[in-house]
Amino acid sequence: MIKLLLFSTILLYSGCVVKESPQCKAKEHMIKSEDLQHLIHEIDMVVYDKYKSELQRDNKRQRYALNLAQTIKELAVDLEAVSPQELHVTQNAENIKIFKSFAEELSADAQQIQNIAQNYELENLPQYLDSIQNRCNACHATFRDNRKNNSRDNNKNFNRDTK
Amino acid sequence: MKPSTIILVVTTPLLLSLCTTLFANSYSAPSVTDDVSGSKAPVTLQSGIKLTTKETQLSIGGRIQLHSIYAWPEGAFYAGKIPLEKNSAGEHGQLLMSAKDSRLWVKTRTPTKYGPIRALIETDFLGTASGTETNTNSHGLRLRHAYVQVGSLTLGQTNSAFNAYVTLDTISFAINHTFVRQPLIRYSKEYKTLAYDISLEQPETTLLDTSAAIITPKDDAAPDIITRLRYYPSWGEASVALIGRYIIQDKATLSDGTQLTSSDAAFGWGTNISAKISTYKRDDIRFDVQYGVGLGRYTSFNSFAAGTIDNRGTIKLQSSLGGHIGYRHWWNKELHSTLAISYIETKNNLQNIAISNLDKVNKNASSAQLNLLWIPLKNALVGIEYDKAIRHVESGDIGYMDMVVLLMRYDF
């Protein structure tokens with residue numbers, strides 16, 4: 001019984017630690033990205049629903065768009081909480097500022113999507129989906145690609161040193 | 001509306017260049033582009049033409065659809081129209097092509113203090129044909145939807161709340177398809193993952209008379225009442241609908257011309273449950289089950305009557321049970337297939353129907369469908385489907401039908 005309690009405690013504790021780890025945050029980011037991918041796909045597929053009227057399709061689009069806005073907001077909040085150490089780039093103020101601005105702009109886009117969905121102005125949705133894709137691409141190009149390049153450089157140095 | 005204030009905006013495909021840029025990236029690790037768009041197809045919403053004033057936006061859109069059908073024997077893919085073996089002397093394998101299922105719609109949106117008022121008129125060309133295949137192939141315009149939505153209210157003609165909320169991704173209908181479009185007044189309330197509808201809809205009694213003809217007494221006094229609960233969890237969507245109907249005849253006229261001198265009524269009810277459950281990646285399972293006493297015209301395009309009426313005018317309601325299930329699989333980002341089976345049956349009251357008329361009374365029907373659908377461009381669909389259906393009638397006769405359908409569709 002004591003062993004079981006001890007095991008449970010360790011398991012719970014390790015769960016908490018994992019939850020807070022950068023890997024766990026990356027996983028959460030990936031899951032939310034997959035949610036976005038799914039929602040955008042569902043919006044694209046609404047037009048093929050042959051039994052629904054055009055207004056019913058708009059109702060479906062609105063529901064998906066509101067979910068999309070919510071997911072993007074959560075994503076932006078997660079990004080704003082990322083510490084400078086987790087960025088894996090040169091820790092200068094400029095980089096951190098750029099990263100935070102991506103998160104803020106993402107959040108603003110999410111609010112716009114929510115507004116146009118609530119007012120059924122769904123013809124404006126594509127431009128904000130565009131905007132979000134561009135921001136995500138730019139952010140990844142700046143930080144994820146840099147991280148990869150840094151890592152590649154480190155490996156090169158390591159190989160050179162070991163030779 | 002002042003002409004000077006009208007701005008004509010023609011929506012164009014905006015995102016092709018974006019996608020080209022995104023996917024031209026040689027970086028092999030998962031990029032955010034892959035994460036977010038998830039598709040080489042551009043992010044789309046809809047196209048169409050929009051006329052905008054300060055207050056109202058009017059949009060025009062529609063669908064061009066070409067159906068090409070081979071059927072053995074020739075018939076309609078409805079539970080009540082599958083040719084019986086003994087009557088199937090018609091054409092076998094004749095190629096029929098048609099664009100009459102093309103559609104045109106006009107919608108408006110006007111902001112008010114109660115939220116936007118949205119209105120829609122939608123038509124197709126499945127109305128009375130005025131041309132033949134020989135020359136013009138003309139087809140009549142037909143009203144599909146004409147309704148307005150403001151706040152939680154829907155007023156006008158549109159899809160019944162009893163219809164299957166989740167439907168199969170097939171070209172032809174499931175054999176048990178629950179589908180009615182009619183005038184209605186509906187109150188809807190939407191929450192984040194839940195929604196409900198209460199709908200008062202046009203009644204129409206359908207009864208099987210002693211000559212095995214389905215008659216409509218035209219004596220309806222109370223609307224059909226439908227309540228529906230919709231649920232939008234992360235794993236898909238689901239709905240449960242309940243219907244209550246007042247089935248009535250008041251000195252109705254039977255199909256043989258007999259004028260009844262009595263009245264009768266009965267209470268019909270039914271339930272319809274449909275759901276879509278996400279499975280692996282983008283795949284999903286979809287199903288729909290309905291059961292009721294007096295469902296009648298709400299299933300299988302009026303192939304079964306709500307009840308029977310005898311020569312004394314007595315109504316006896318009939319129970320119906322139907323369902324379908326289908327699995328949709330995505331082969332890649334543009335190609336997908338659905339494999340589906342469906343079934344419908346009604347327990348007919350046959351006491352007062354002559355044996356010689358039993359071949360007019362549908363007992364049950366089943367179908368299987370398999371397709372391959374391709375999305376080559378945004379809003380476009382090309383597909384091929386094989387359908388097989390079997391019908392049983394109360395005389396013991398059976399009908400079989402095989403059909404290959406080729407579909408080309410573009411929504412604009």
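pLDDT is the predictor's confidence in each residue, from 0 to 100. The structure treated in these exercises is a predicted model.

**Exercise 1. Confidence along chain A**

Determine where confidence in chain A is lowest and where it is highest, and examine the stretches in which pLDDT stays under 50.

Solution.
1. The mean pLDDT of chain A is 77, and 68% of its residues score at least 70.
2. The lowest confidence in the chain belongs to helix α1 (residues 2-20) of chain A, with a mean of 53. The highest belongs to helix α3 (residues 54-80) of chain A, with 92.
3. Residues 12-19 of chain A remain under 50, and the model gives them 2 contacts beyond four places in sequence.
4. Residues 157-163 of chain A also remain under 50, with 0 such contacts.
5. Predicted coordinates should not be read in detail where pLDDT is low.

**Exercise 2. Helix α4 of chain A**

Compare the span of helix α4 (residues 93-118) of chain A with the expected value, and state which of its residues are buried.

Solution.
1. The helix has 26 residues, and the distance from its first C-alpha to its last is 38 Å.
2. This is close to the 38 Å expected at 1.5 Å a residue.
3. The buried residues in α4(A) are Phe99(A), Leu106(A), Asp109(A), Ala110(A), Ile113(A) and Ala117(A).
4. After α4(A) comes Tyr120(A), with a positive phi near 60 degrees.

**Exercise 3. Two residues of chain B**

Classify Asn159(B) and Leu335(B) as buried, partly exposed or exposed, and list their contacts beyond four places in sequence.

Solution.
1. Asn159(B) belongs to strand β8 (residues 153-159) of chain B.
2. Asn159(B) is buried because it has 20 C-beta neighbours inside 10 Å, and the criterion is 20 or more.
3. Beyond four places in sequence, Asn159(B) contacts Ser53(A), Gln56(A) and Arg181(B). The C-alpha atoms of Asn159(B) and Arg181(B) are 4.3 Å apart, although 22 residues separate the two in sequence.
4. Leu335(B) belongs to strand β20 (residues 335-347) of chain B.
5. Leu335(B) has 14 C-beta neighbours inside 10 Å and therefore counts as partly exposed.
6. With residues up to four places away excluded, Leu335(B) touches Leu372(B) and Trp374(B).

**Exercise 4. The nonpolar cores**

Identify the residues with the most contacts inside the largest nonpolar core, and the strands that supply it.

Solution.
1. The largest core has 25 residues; Phe162(B), Leu207(B), Leu208(B), Ala305(B) and Ala306(B) have the most contacts inside it.
2. At least two residues of this core come from each of β11 (207-208), β14 (236-250) and β18 (315-317) of chain B.
3. β14(B) provides the largest share, 4 residues.
4. A separate core of 24 residues includes Ile40(A), Ala117(A), Leu129(A) and Cys136(A).

**Exercise 5. Strand pairing in chain B**

Trace the pairing of strand β16 (residues 284-293) of chain B with β15(B) and β19(B).

Solution.
1. Chain B contains 2 helices and 23 strands.
2. Strand β15 (residues 263-278) of chain B pairs with β16(B) in the antiparallel sense over 10 bridges. Within this pairing, Ala275(B) has Phe287(B) as its bridge partner.
3. The two strands form a hairpin with 5 residues between them, and Lys281(B) in the turn has a positive phi of about 50 degrees.
4. β16(B) also pairs with strand β19 (residues 319-330) of chain B, in the antiparallel sense over 10 bridges. Here Gln290(B) has Gly322(B) as its bridge partner.

How values were computed. Residues are numbered from 1 along each chain as its sequence is written. Chains are lettered from A and ligands numbered from 1 in the order in which they are written. This is a predicted model: local features need pLDDT of at least 70, side-chain atom pairs count only at pLDDT 80 or more; totals for chains, interfaces and linings use all residues. A residue is buried if 20 or more other C-beta atoms lie within 10 Å of its own, exposed if 12 or fewer, and partly exposed in between; C-beta atoms are placed from the backbone. Two residues are in contact if their C-beta atoms, placed from the backbone, lie within 7 Å. The expected span of a helix is 1.5 Å times one less than its number of residues. A nonpolar core is a set of buried Ala, Val, Leu, Ile, Met, Phe, Trp, Tyr and Cys residues joined through C-beta atoms within 7 Å. Two strands pair if DSSP finds at least two bridges between them.
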